[in-house]
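Got the viewer open? Here is a short tour that goes from one selection to the next, with a note on what to look for at each stop.

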Amino acid sequence: MQFMLLFSRQGKLRLQKWYVPLSDKEKKKITRELVQTVLARKPKMCSFLEWRDLKIVYKRYASLYFCCAIEDQDNELITLEIIHRYVELLDKYFGSVCELDIIFNFEKAYFILDEFLLGGEAQETSKKNVLKAIEQADLLQEDAETPRSVLEEIGLT
Amino acid sequence: MSDVVEKTLTALPSLLSLDSQPGSAKLSSTSKLGNLIRGITELTSKHEEEKLIQRELASIKEQVSSPNTSMRQMKELMVRAIYCEMLGYEASFSYIHAIKLAQQGTALEKRVGYLAVSLFLNESHELLLLLVNTVLKDLQSTNLIEVCMALTVVSQMFPKDMIPAILPLVEEKLNHQKEIIRRKAVLALYKFYLIAPNQVQHIHNKFRKALCDKDPGVMTASLHIYLQMIQENPEGYKDLTASFVTILKQVVGGKLPMDFNYHSVPAPWLQIQLLRILSVLGKNDQSTSEIMYDVLDESLRRAEMNHNITYAILYECVKCIYTIHPKSDLLEKAAKCIGNFVLSPKINLKYLGLKALTYVVQQDPKLALQHQMTIIECLDHPDLIIKRETLELLFRITNAQNVTVIVEKMLDFLRVSTDDYTTIDLVGKVAELAEKYAPDNEWFIETMNTVFSVGGDMMQPDIPNSFLKLLSEGFDSVEEDRKLRLFAVDSYVSLLQGEPGKLPQRFLQVISWVLGEYSHLRAELQPSTVMRLLSKLLDTKNTSSETKTWVLMTMTKLCEGAAGVSVAQEVSEAYSSSLDTVLRQRAQELQHLSQDSELRARVVPRDAGLEPLEVDSSLSFLDGFVSEALAAGAAPYKPPHQRQEELAQAKALSLEPYGLSLPISISSCSIADRQSPTLLSMSSGLSGDSTDLSHKGGSTTLKLDGVKRVWGKEGYLAQREPVEETAQVEVPSPFRSPSQQAEADSSHSQTPTPVPTPEPTQEKQQLASSLFVGLSSQSSVCLMGKSESAPQRFRRKAKSPSSSSGASEQISNSLVSAPSTVDNLLCDNLLDTNITSELAVSSPTQTSQLSQSLTTANGTCDVELTDTKGSNHSLIRDLSVAVAADPSPHEDPDKPKDFSSHLPAELSGFSHSEITPLCSNQSLDLSACHVQQKDSLVLVVFIYNSSDSDIQQILLELDSDDLEVSGVCGSPVQEVGSQSVAVCQYSLSVKRPSVHVEVGGVVSYQLPVGTPQSAQFSYKLPLTSFIRPLTLSTEEYGTMWLAFSHDTKQNLTLINEGQESLAATLNVLKKKLQLHIVEIIGLEGIVACRLLQDQPCLMHCRVHAGTLAVWLRSPVPDLPDCLMYYCQRALQEH
């Protein structure tokens, strides 16, 4: 996978993850073009797009569009399911996720994405394992952080 | 005691505030970000948003740079900065703070820091270097989460040059007890493999361990690496096929934990990955394919549920089945699957069905026939994507009979398409089809007109180029050529009379060139009329100066008669003071030549110039000028690298002796090569210029350090530009000489096939019949890419056979001129033999056998060939895929154990590699070894006849992608007596370096009784066998070093033997790889070697921080990388 974009029906970018090195200018140009192209498509149309030399796979969930760019030999349908699995993960983590959850906690959405896809490839496809990893990180940090900072502040370390 | 109390007391306020902090901080962080977000949503205009964000960014900037900001606040600031960047506002000031946060924060803060880094920077960003230490520290942390975070960031981006610094730590993590760490480590190594494959070459065996990991997640992760490696070298991993098949069987059979199920399908991602790997492994390999038939069948059977995920698996299965060696019942099932896809009401599946059809239609054109009505419907689908894919499918089934309809459909699409990328792609395809299958001249020219108008200035430049080439080289009938050119001229004149201002520049250039060359064919057309039409173009505002140059060139060709000369004078006056130098030059030429008709006839001969132009590449005509200049005290010319070297020497304190390098590609001779004597009069001034400039460059070397370099560089630029222009506008000149009479090759005389032009009607049935015409008759469309089923109308003449590429060209010719309905096996074989025999021509030994082998192939079916029928073509074209039929021959007591006694006497003095068996069957055993001589590498093949009767008509043919093969001995082996050995020798040299090079071959022979037999084999040898020492002086080394363009750098382990570690290391390399040590100076050493024949590779190494920093350079691509690999191995093995 080359990149993944999340944007709203109004064309506002909500999440972007680039797995290929591109300049900021290119990223902006691609985002702008893609948002336009995808938003212009009608609901019954094909979820796949040929765009430049890439394949775009997109799917709409409520007011959010999830959009992935893959290479020609990649499997379009499984990419569609990657999007779906990601939505499932978000849903499980936030508890029936909505766009606002992703807007206000976008860093969490990134953390989940990073546990699920790494370097553009599916890293862990077991839903349980992904969430376990996220929860552990969330928990462990809060445990580790409070006592340590208290000690530091008092200067006893 | 009081100390502690005091400390506690002073800390109390902050402690109190801290107490409230966890809650309040969270609240404030959400509220601060929340405020921002809410603020933005309340805004109405883009302008207001910009103002708000700029304010926000300013406040973030102020806070991050304040020393009082705690890491906790920093984390919150980073989140806001990320948000601003996502909205498209730059926050580059925060990048460095993101790195700091990752470095200094506690786990929670670190996590945000790493996230910010991965979102802000990409892997080529220089700030990333600052992250290396943090990553190093976290990789060694005892906190699992920190290790995870470090591995996550490493798998997303890491500076390529710093990989060696963390590689050992990542490697170590492969043995970690936690599967999540192992999995992330595997993915990090995958990333390393992608960006720097050389660096992880030594840990390939660890990948195998990951593949065998007990955790399915780790195993799945390792498949990414394997897919990549197998795609690069399928031969190297054939042994893993059975393992992959077993894994897939277990997955399909539901042996994985339930966690991995996705909508009750077991591990679909894993299944798809495995299917992709299998299809690469099974491609063109029957025996490997056979291993996977069962599991593919099972996968098809199991994937029956009606859900997207099963379709994804089915689609991958179908792709795999059509890629590997075919099996009929699987193909049938796959075809049924494709049918279901195509017919599905779900649009996504329909799309994939079309895509799959496109993929398989060359192998199975009948499948397209079955679905013709659906395809017709898709052609009118409201979704452009579906339409586009349908056109792609039609493109693949185009033949001479349906070309007009299909091209019409494509042009229709082009007219409505707004996407540049699609336009460029489709225009190229239309041009390709038009060139291949055009039914007549009118259609061809008109189609190309549309291509040029629609494609405009976006299309690939090779389309107009090849069109012009086609026109100028002509075909086989002089009369046809004339008609085509005449039609083009007529068509263009009428276009120019219309509204030429609307035509794209490229098209105008084509038009002006064609008119310049061929308008004289239309006798009633006055040159002056054409010139007037063209001069209208010059006056049009939109015409680019490049086009104007073309127009002026055309005028130079046309300015005849009083009327023409007067137009020429008018135009040349107008442009002789143009600011554009090229235009000015053309105008000058036009002016001079229009006045001197004799000179013009010589410079731009019309229709004459049958002889190829001779180019004086040494520029000897300038000798007089040069010697005059030298006599007048000018400094002699120095090539750029020499100047560069002197420059480096002048800087006595330079610590980087080889650091400076100019792009040396434009050397003096490459410029000279482009000059042609026809332009002598015009270009002499130019070349004079260049000498002048080089004088300046040379004579001032001693002083004025700064100024001189600018001069040198500018001199280059100034010189390069006009020369390139000359070369460019000169392009037509070779075309002007219509190519020589075709060789007496009867198969080339093509007559246009009479084609019934079907009338496109609204009736779909009729459309279908016109689209799919000609598909059913071709029952056997071969696997070798796009098949040439019908005689091609516009085929270029073959080049003269004396050229070095003659052999390969002839092969392609014999391929295309094959009978159109390759229906039976016999013809198939004949075709193959044709090709192979032509291949054999290159090794002169075999020619006498040609007729014999033809008759044998004709006479009866060859057993071996029948078996591998499906992949025949590719085997012949790319012999390297031919796997040795049986690399370990069965033990035969009668077999002579030692062939070395049969080594030719002249080779016995040299060391030879171990004699390895190539292939064997009941009557013939082939073995081979290679012998390294000083200036060559000889491959010796031993043919041992183990049967009781004499074997005749032995024909041994070798071919290789990587190697040049030529026969050494004069007399080819034809017969081998019973129980005796014959020896063949071949001299090998490297065409394209790779770590291992391989030569493939076929041996065919005839037993006294029975049918002709053949067997395939391949022989692999390391690149090091072609490496020889290169003796040169340090000065020569310096000169060469600067001139080479391909390089690679890496740190290698130093062999530690006290003081002399550098010398010891280099000696090991010298001994193992046959390198020549030029000189060792202190902590640096320079080494040289060459790849046979005479392709140098230089090594510069320096001892630095306990490792050996090696830098390799060569003019040959890939050679430095391969050699680095061997250096690394040699030192590891030591």
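Put Met292(B) at the centre of your view: helix α14(B) bends there by about 40°. Keep in mind throughout that this is a predicted model. Now widen the selection to residues 286–302 of chain B, which is the whole of α14, 17 residues in all. Even with the bend at Met292(B), the helix reaches 25 Å from its first C-alpha to its last, close to the 24 Å expected at 1.5 Å a residue.

Next, show side chains along α14(B) and pick out the buried ones. Met292(B), where you started, is one of them, and its neighbour in sequence Tyr293(B) is buried too. Before them come Thr288(B) and Ser289(B); after them, Val295(B), Leu296(B), Glu298(B), Ser299(B) and Leu300(B). An α-helix has 3.6 residues a turn, so residues three or four places apart point the same way. What do the buried residues of α14(B) pack against? Select 241–252, 268–282, 308–323 and 328–343 in chain B: these are α12, α13, α15 and α16, and the buried residues pack against them.

Stay in chain B but jump along to a sheet. It is an open one, with 3 strands in the order β6-β9-β10 and antiparallel pairing. Colour β6 (952–959) and β10 (1012–1022): each stands at an edge with a single partner strand, so one side of each has no neighbour in the sheet. Looking across the strands, you'll find a twist that averages 20° from one to the next. Now zoom in on β6(B) and β9(B), the latter at residues 996–1006, which pair over 6 bridges. To see one bridge up close, select Leu958(B) and its partner in β9(B), Gly1001(B).

Last stop: chain A, residues 3–8. This is strand β1, and 6 of its 6 residues are buried. Turn the strand over as you look, since both faces are covered: Phe3(A), Leu5(A) and Phe7(A) lie on one side, with Met4(A), Leu6(A) and Ser8(A) on the other.

Add β2 (13–18) of chain A, which pairs with β1(A) in the antiparallel sense over 5 bridges. In the hairpin that joins these two, 4 residues sit between the strands, and Gly11(A) takes a positive phi near 85°. Then add β5 (64–70) of chain A, also antiparallel to β1(A), over 6 bridges.

Which residue should you finish on? Try Leu5(A): its bridge partner in β2(A) is Gln16(A), and in β5(A) the partner is Cys67(A).

Methods
Residues numbered from 1 in each chain as written. Chains lettered and ligands numbered in written order. Predicted model: local features only at pLDDT ≥ 70, side-chain atom pairs only at ≥ 80, totals over all residues. Heavy atoms only, no water. Expected span 1.5 Å × (residues − 1). Bend = angle between axes of the 7 residues up to and from the residue. Buried < 20%, exposed > 50% of the residue type's maximum accessible area, 1.4 Å probe, protein only. Contact = heavy atoms within 4.5 Å. Pairing = 2+ DSSP bridges. Axes fitted to C-alpha atoms, helices over the stretch in contact; angles between N-to-C directions.
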